[in-house]
Amino acid sequence: MEVVDGDGTVGAHLAEAERVDVVAHVGSSATGREIARACAKALLENGGNDAMVVDDNVDPGWAAGQAALGAFANAGQICVSVERIYVVQAIAEAFLDALVCEASTWADRIGPLVDERHREHVHAQVEDATRRGAGVLIGGEPRPGPGTYYPPTVPADCSPDMQVMCEETFGPVAPVRLVPDFATALAEAADDRYGLAATVLTGDMAHGQEAWRSLPVGTVKINGVFGGAPGGASEPRRASGTGFGFGPELLDEMTAVKVVHWSAPVIDPTP
């Protein structure tokens, strides 16, 4: 094995190299598209905009804990972080109160964002949400001083056109949209250009079945935001990429089948 370090220029040379059979990419959708154009075969885990659906038959405090874990762990810098939350109106007030409390407990438990440019990206999405009518219940302002820390942030009353709802934030932001019922939540969660993963919190197993069957994503997690290590493979959809990223299926992606036709020769019968 050889490690080659460098920026996007180095990556572009590797992707275009004729002797490279497969390129496995984890990163942005824009970069994934460029790699797919350049190489013979690409495994792409691109961006995601993972939804969480909160049904009205679950404990709102427990649901808020799941939402906070999904949105704030590693400062939201996980490929399957919770990026947008749809909560049924009947428990919305209790859920939001609990989520604000959860966010306050996470404030001193997370580290910085990867760099200043990314912190500006996260904050720009929050500012876009406030300009469009969202109310920030906690957080929402970069902390002064050294480092690139951004506080756990909860924008409420979000609408589908806000950047925090329709684009990947990749930061400690948990935007919440209130919906009248589970069917609406599921429909809006599915209406997205990405297709990496989703979480559904519900006490109704029929709702759980409906969710995993209808959500157009590679992984659906029912009642557990991180769901444990994958026993098999998931395949992202839409702008989130293509190809298996785990399990024995990944070994198949990284190998090639060679067919050999071997027939018996005709032997000269003369001595």
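In what order do the 5 strands of the open sheet stand? Hello everyone, let's start there. The order is β7-β4-β3-β9-β10, and the pairing is parallel. Please keep in mind that we are looking at a predicted model.

At the edges of this sheet we find β7, residues 176-179, and β10, residues 219-222, each of which pairs on one side only. Going from one strand to the next, the twist averages 20 degrees. If you would like a place to zoom in, try strand β4, residues 84-88, which is joined to β7 by 4 bridges, the two running parallel. There you will see Val87 opposite Leu178 of β7. Packed on the sheet is helix α7, residues 182-190, which touches β3, β4, β7 and β9. The direction of α7 makes about 165 degrees with that of β4.

Now for the second sheet. This one is open too, with 3 strands in the order β1-β2-β12 and mixed pairing. Both β1 (23-26) and β12 (241-242) have a single partner strand, so each is left with one side that has no neighbour in the sheet. Strand β2, residues 42-45, runs antiparallel to β12, and 2 bridges join them. Leu44 is the residue that stands opposite Thr242 in β12. This sheet has a helix packed on it as well: α2, residues 29-38, touches β1 and β2, and its direction makes about 175 degrees with that of β2.

Let's turn to the interior. Which residues touch the most other members of the largest nonpolar core? They are Val54, Ile85, Phe95 and Leu99, in a core of 55 residues. Helix α4, residues 92-106, gives the most to this core, with 7 residues. Apart from this core lies another, of 6 residues, including Val23, Ile35, Cys39 and Leu44. Nonpolar side chains tend to be buried together in soluble globular proteins.

Ile85 deserves a click of its own. Leaving aside residues up to four places away in sequence, Ile85 touches Met52, Val54, Ala67, Phe95, Leu99, Ala174, Pro175, Val176 and Arg177.

Finally, let's step back to the whole chain. The protein chain has 9 helices and 12 strands, and 43% of its 271 residues are buried. Its C-alpha trace spans about 95 × 50 × 30 Å along the principal axes. Of the contacts between residues at least 6 apart in sequence, 64% join residues at least 24 apart. The accessible surface comes to about 14,300 Å², with 55% of it belonging to carbon and sulfur atoms. Thank you for listening!

Definitions and conventions:
Residues numbered from 1 in each chain as written. Predicted model: local features only at pLDDT ≥ 70, side-chain atom pairs only at ≥ 80, totals over all residues. Heavy atoms only, no water. Core = buried A, V, L, I, M, F, W, Y, C linked by side-chain atoms within 4.5 Å. Buried < 20%, exposed > 50% of the residue type's maximum accessible area, 1.4 Å probe, protein only. Contact = heavy atoms within 4.5 Å. Pairing = 2+ DSSP bridges. Axes fitted to C-alpha atoms, helices over the stretch in contact; angles between N-to-C directions. Areas by Shrake-Rupley, 256 points an atom, 1.4 Å probe, with all protein chains shown as cover.
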